[in-house]
Amino acid sequence: MRSRPLVPLTLAAAVLAAGLAGCSSSAGPARPGVLSVGLGEPGTLLPADVTDPSGRMVTGALWTPLADYDPASGKVTPRAAESISSADQATWTVRLRPGQFHDGTPVTAQSYVDTWKAIAGHRWASTPVLTKSLRAKDITAVGANQLRIVLDRPSNQVPAWLSAPGLVPLPASVLKSRDWNGFARHPIGNGPLRLEGDWQPGSGGKLVRVAADPGRAKEIELRVGDPAQQYDDVKEGKLDVATAVPGDRHEAMHADFAGRHAMWALPRAGYLVFSAEATRFADPAVRHAFALGTDRAALESGPLAHQADAAKGLLPPVVAPGERSGTCRPCTFDSAAARSLLNQAGFTGDASVYYESFDGTWPQALAEGLSKSLGIPVNAQRKATGGKPTGPYALEVKAVSPSPADLLHTLAEAAGYLDAGFAADLASAETTASPEEAAQLFRVAENEALRDLPAIPLWTGHGHAVWSARVHDAAPTPFAGIDLARLRD
């Protein structure tokens, strides 16, 4: 849902009034089986194009993905799929469980084939999972409940890619009409909860459980509003769950909601990338100086407003295989060592940190911090459209699949990083038969990149939620946030 048409002033006022009413704190007495959840306005509810936490949470309740994938262990938990298997890592078979959409039509193998064709043909957020990651030569429906996927090379990452939340099926009605904006207002999924009526921008909507599940909430009232107000509403018993916590409530959260709050890793991370065109920074010693000169804690408590953690490695926790033994050396702050490295490398003059069209607040703060720690003038500049900047540039990555391969490929492509050892380790990680060995090899590839630092890891995003005493099973997931289908009162 990229844009909305302008509406007359009187209608806009009516929508605003409805939104205020929907976000009202006078919610009345609690009703058994009904919970209220506060969230931000989703950017869209078209699952293949969702990148924001609120949109992921709602679509995560409306759809059931083929599988859940744990990148730490390589374990696949089938969900809409009964199994995902391959004898040679090149030809894959996906067997589906019987299922249906909320409109009563069946979910079939052809539903996935047709949906993925639509996704591949658009520039949606999840499109690269199909066009750059999966790169299938052929995807066909073998009967009603079986998919056959033939890759252009062997890869063990297929279960990770197929578990991407954006690759869920769409009903035939929207695939025929191609009314994506209309569908985003009233999405029809195959998940445990359905949206009753249209989504109301500025107000929210109501989710209703499709099949009885004793103990779980039957209805979820979704209320769009201000995170600070929603936080206070939960404290006052006017709201059951708030799915965001503003920075100025971050510390108070632990006391206000002892045992009733959660933090979890988000598929979002920030980096400082050095492209091949940044020739002044070709010496790895210079890049390590910039890495050691970055005060990540100041970014976390400052412009990132406690919505992120200081990076401990190149791979963010949401896609990281296994656990790192500790924080990587280039992820630490050491101003004295940074200045010494710059002097050894003979780096002189000023420098610029470039950033894209997103909010430049944290890149500005990064540049100011580097000026102090490195002892040279560093400024932040908006990157010109097209071409590669001649200095390091701030990059925000929003992962659309849990595959560590995708994240490493994205950073290597952004930097033009062509190290042969890195490429070989990454290829081995993607083709080994053992999940444990794959995890080790992804870490080896990560360490290769940390040695050369084509990209400096800066921060990784995390989400927050708080809830009232009547709420139970408020469990977060990396891509969908609080699992709305699990909530019970």
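Is Leu453 buried or exposed? Select this residue before anything else, keeping in mind that the model on the screen is a predicted one. Leu453 is buried, because its relative accessible area is 0%, and the cut-off for buried is under 20%. The residue belongs to the loop that runs between α16 (435–452) and β17 (455–467), and its phi is near 55 degrees, which is a positive value in a residue other than glycine.

For a second positive phi, move to Arg135, where the angle is near 50 degrees, again in a residue other than glycine. Arg135 sits in the loop between α4 (127–134) and β6 (136–141). With a relative accessible area of 36%, Arg135 is partly exposed, whereas Leu453 is buried.

Next, turn to the cavity. When the whole structure is searched, one cavity of 30 Å³ or more is found, and the space in the largest cavity comes to about 40 Å³. To display its lining, select Leu314, Leu408, Leu411, Ala412, Tyr417, Phe422, Ala449, Pro454 and Ala455. If you colour this selection by residue class, the lining divides into nine nonpolar residues, with no polar and no charged ones. Helix α14 (residues 404–415) supplies the largest share of that lining, namely three residues.

From the cavity, go to the sulfur atoms. A disulfide is a covalent bond between the sulfur atoms of two cysteines. The search of the whole structure finds one disulfide, and selecting Cys328 together with Cys331 brings it into view, with the two sulfur atoms 2.0 Å apart. Looking along the S-S bond, you can check that the link of Cys328 and Cys331 is right-handed, with 75 degrees about that bond. Cys328 and Cys331 are both buried.

The aromatic rings come next, and the search of the whole structure finds eleven aromatic pairs. Begin with Phe274 and Phe281, whose ring centres are 5.7 Å apart and whose planes stand at 45 degrees, so this pair counts as tilted. Phe274 is buried, with a relative accessible area of 4%, and Phe281 is buried as well, with a relative accessible area of 2%.

Keep Phe281 selected and add Phe347, since these two residues also form a tilted aromatic pair, at 5.3 Å centre to centre and with 45 degrees between the planes. Which parts of the chain does the pair of Phe281 and Phe347 tie together? Phe281 lies in the loop between β12 (261–273) and α10 (284–292), while Phe347 lies in the loop between α12 (335–345) and β14 (351–355), so the pair ties together parts that are 66 residues apart in sequence. Phe347, like Phe281, is buried. To see the wider arrangement, extend the selection to Phe274, Phe281, Phe290 and Phe347, which ring pairs link into a cluster.

For the last stop, select Lys383 and Tyr393, and orient the view so that the ring of Tyr393 can be seen from the side. Lys383 lies over the face of Tyr393, at 5.6 Å from the ring centre.

Technical notes:
Residues numbered from 1 in each chain as written. Predicted model: local features only at pLDDT ≥ 70, side-chain atom pairs only at ≥ 80, totals over all residues. Heavy atoms only, no water. 1 Å grid on protein atoms, 1.4 Å probe; cavity = no way out; pocket = protein on both sides within 12 Å on 5 of 7 lines; lining within 4 Å. Points joined across faces, edges and corners; volume = space filled by probe spheres on them. Helix = DSSP H or I, 4+ residues; strand = E, 2+ residues; numbered from the N terminus. Nonpolar A, V, L, I, M, F, W, Y, C, P; charged D, E, K, R; others polar. Disulfide = S-S within 2.5 Å. Buried < 20%, exposed > 50% of the residue type's maximum accessible area, 1.4 Å probe, protein only. Phe/Tyr/Trp six-rings, centres within 6.5 Å; stacked < 30°, edge-to-face > 60°. Lys NZ or Arg CZ within 6 Å of the ring centre and 35° of its normal.
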